[in-house]
Amino acid sequence: MFTSQTSMQTSSFQDSIDVEEKDTDYDNEEMGYNQKIQLNCYYTIYLYQGTSLTLVDSSLPVEAEPELRCYISRRLSKGALLGGMGNIAAVELSVPEAAVGCYCCLLEQERSPEQPDADGNGYVICLMGGSEKGLNLFRLELDKYVQGLQSSLQTAELVNLETEIRPYLSMWYEESVMHIHRVVQMVQGSISLLLHAALSHIHVEVTNADDRTKADVARFIKAASLQGLVQEDTTTASLYKASEALTDLVIDCSTSPPTLSNTVSNRFCDGWIQSFLNAAERCNPFLLRQILENFKLKAIQDMNSLKRFIRQAESSHYALFRCCQFLQGCGNGDVLLQNAHAEHRDLPEACSIIRVLDQFLSEQQAQG
């Protein structure tokens with residue numbers, strides 16, 4: 001029975017990480033990625049006043065820009081673009097891809113005493129590339145990137161178009177989408193160490209690196225963490241307090257590849273290495289992000305399963321046995337128990353069960 005249970009858990013785990021087989025849409029939709037061809041990406045910025053759109057700048061082919069303008073006009077007339085809120089859809093344009101994902105956002109101008117009724121006026125920013133499905137995975141990053149343009153749009157007649165605005169918009173794909181790919185390419189098989197650090201709330205320090213690399217790693221850790229998804233604020237605070245006793249993961253970029261020290265991983269995180277490397281090899285940031293989301297989903301599912309087993313174990317010795325089986329089979333027992341300690345700290349019966357599970361896991365690890 002023990003062998004059968006472990007086999008079933010292993011199969012479920014393998015199914016969860018085998019996204020390259022299941023999520024083939026990201027290879028089919030993102031044109032050229034399976035051939036390692038650089039994705040075409042575009043931007044356009046319009047001045048929006050009243051009901052009219054005036055082109056400010058665009059990297060689209062000349063024949064495609066009027067098509068985009070018609071699409072944006074329709075969206076505005078229907079009230080589908082709200083100030084500061086990004087909208088993503090598939091748009092058919094005269095570009096090699098025919099249909100591309102289009103992120104668009106209306107950045108409203110600050111009202112002045114001279115124009116008290118200027119609500120809705122501002123600039124419409126459009127970022128195009130990949131597919132609607134792919135861009136939706138990076139919605140938060142795109143929102144933040146476009147908001148970073150707000151201060152540059154306050155100058156009279158956009159005299160900083162060539163020096164600030166155009167270079168900024170030209171880098172949207174590199175800065176908002178490719179950061180996960182850059183981190184995987186940098187650390188390669190050590191990506192499991194970053195995944196474990198993210199789940200365990202371990203601080204990651206990057207040394208001898210430029211600001212972009214440090215920011216990439218910080219954004220990867222944030223994207224891989226479960227903060228805000230499974231715990232309340234009080235539990236999150238407890239997790240961070242517990243993690244203070246753990247040593248920082250240090251990434252020294254003075255060597256190539258970087259040298260990582262104070263490293264900790266587990267079988268669960270190690271099991272995702274090949275999926276990340278395969279997606280990085282295809283140069284597919286959208287598949288990489290989907291794999292990361294699947295990784296988090298599986299971790300959340302396992303946390304919920306352990307919580308259910310703990311509740312059952314309060315009144316059943318067999319359920320306690322199932323808890324032990326589950327922890328042994330999932331490969332993520334250290335992270336799950338850390339989370340369980342924080343969530344059940346005010347429940348004496350649950351805490352006693354967790355202590356038993358802690359002892360069991362320690363004995364299993366000592367036996368190799």
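Helix 16 and helix 18 are oblique to each other. This is a predicted model. Their axes come within 10 Å and cross at roughly 45°. A second helix pair, helix 14 and helix 15, is roughly antiparallel. Elsewhere, an open sheet of 5 strands pairs in the antiparallel sense. Helix 6 and helix 7 pack on that sheet.

**Helix 16 and helix 18**

- Helix 16 covers residues 317-330, and helix 18 covers residues 348-366.
- An angle from 35 to 65 degrees falls outside the parallel and perpendicular classes, so the pair counts as oblique.
- The crossing of these two helices is right-handed.
- Helix 16 brings Leu-320, Cys-323, Cys-324, Leu-327 and Gln-328 to the contact.
- Helix 18 answers with Ile-353, Val-356, Leu-357, Phe-360, Leu-361 and Gln-364.
- Of the residues in this contact, 9 are nonpolar, 2 are polar and none is charged.

**Helix 14 and helix 15**

- Helix 14 spans residues 273-281, and helix 15 spans residues 285-313.
- The two pack at an angle of about 165°, with axes 8 Å apart.
- Angles over 145 degrees count as roughly antiparallel, and helix 14 and helix 15 are therefore placed in that class.
- Their crossing is left-handed.
- On the helix 14 side, the contact holds Ser-275, Phe-276, Ala-279 and Ala-280.
- On the helix 15 side, it holds Leu-287, Leu-288, Ile-291 and Leu-292.
- This contact has 7 nonpolar residues, 1 polar residue and no charged ones.

**Helix 17**

- Helix 17 runs over residues 333-343 and is mostly covered.
- Of its 11 residues, 8 are buried.
- The buried set is Gly-333, Val-335, Leu-336, Leu-337, Gln-338, Asn-339, Ala-340 and Ala-342.

**Sheet layout**

- The strand order in the open sheet is 2-1-5-4-3.
- Strand 2 (52-58) and strand 3 (87-92) stand at the edges.
- Each edge strand has a single partner, so one side of each lacks a neighbour in the sheet.
- Neighbouring strands are turned by 30° against each other on average, direction ignored.

**Strand pairings**

- Strand 1 (residues 41-49) pairs with strand 5 (residues 122-129) over 8 bridges, in the antiparallel sense.
- Thr-44 stands opposite Cys-126 in strand 5.
- Strand 4 and strand 5 are antiparallel too, joined over 7 bridges.
- Cys-105 has Ile-125 in strand 5 as its bridge partner.
- Strand 3 and strand 4 run antiparallel, and 6 bridges join them.
- Ala-89 has Cys-102 in strand 4 as its bridge partner.
- Ile-88 stands opposite Tyr-103 in strand 4.
- The hairpin of strand 3 and strand 4 has 6 residues between the strands.
- In this hairpin, Ala-98 takes a positive phi near 70°.

**Cover on the sheet**

- Strand 4 is mostly covered, with 8 of its 10 residues buried.
- Helix 6 (residues 139-147) touches strand 3, strand 4 (99-108) and strand 5.
- The direction of helix 6 makes about 45° with that of strand 4.
- Helix 7 (residues 161-170) touches strand 1, strand 2 and strand 5.
- The direction of helix 7 makes about 125° with that of strand 1.
- Strand 5 is therefore touched by both helix 6 and helix 7.

**Arg-69**

- Arg-69 lies in helix 4, which covers residues 65-77.
- Its relative accessibility is 28%, so Arg-69 counts as partly exposed.
- Buried would require a value under 20%, and exposed a value over 50%.
- Arg-69 is in contact with Tyr-46, Leu-53 and Leu-55, leaving aside its neighbours within four places in sequence.
- Arg-69 and Thr-54 are 15 residues apart along the chain, and their C-alpha atoms are separated by 8.9 Å.

Conventions:
Residues numbered from 1 in each chain as written. Predicted model: local features only at pLDDT ≥ 70, side-chain atom pairs only at ≥ 80, totals over all residues. Heavy atoms only, no water. Axes fitted to C-alpha atoms, helices over the stretch in contact; angles between N-to-C directions. Helix = DSSP H or I, 4+ residues; strand = E, 2+ residues; numbered from the N terminus. Parallel < 35°, antiparallel > 145°, perpendicular 65-115°, else oblique. Left-handed = near helix turned anticlockwise from the far one by under 90°. Contact = heavy atoms within 4.5 Å. Nonpolar A, V, L, I, M, F, W, Y, C, P; charged D, E, K, R; others polar. Pairing = 2+ DSSP bridges. Buried < 20%, exposed > 50% of the residue type's maximum accessible area, 1.4 Å probe, protein only.
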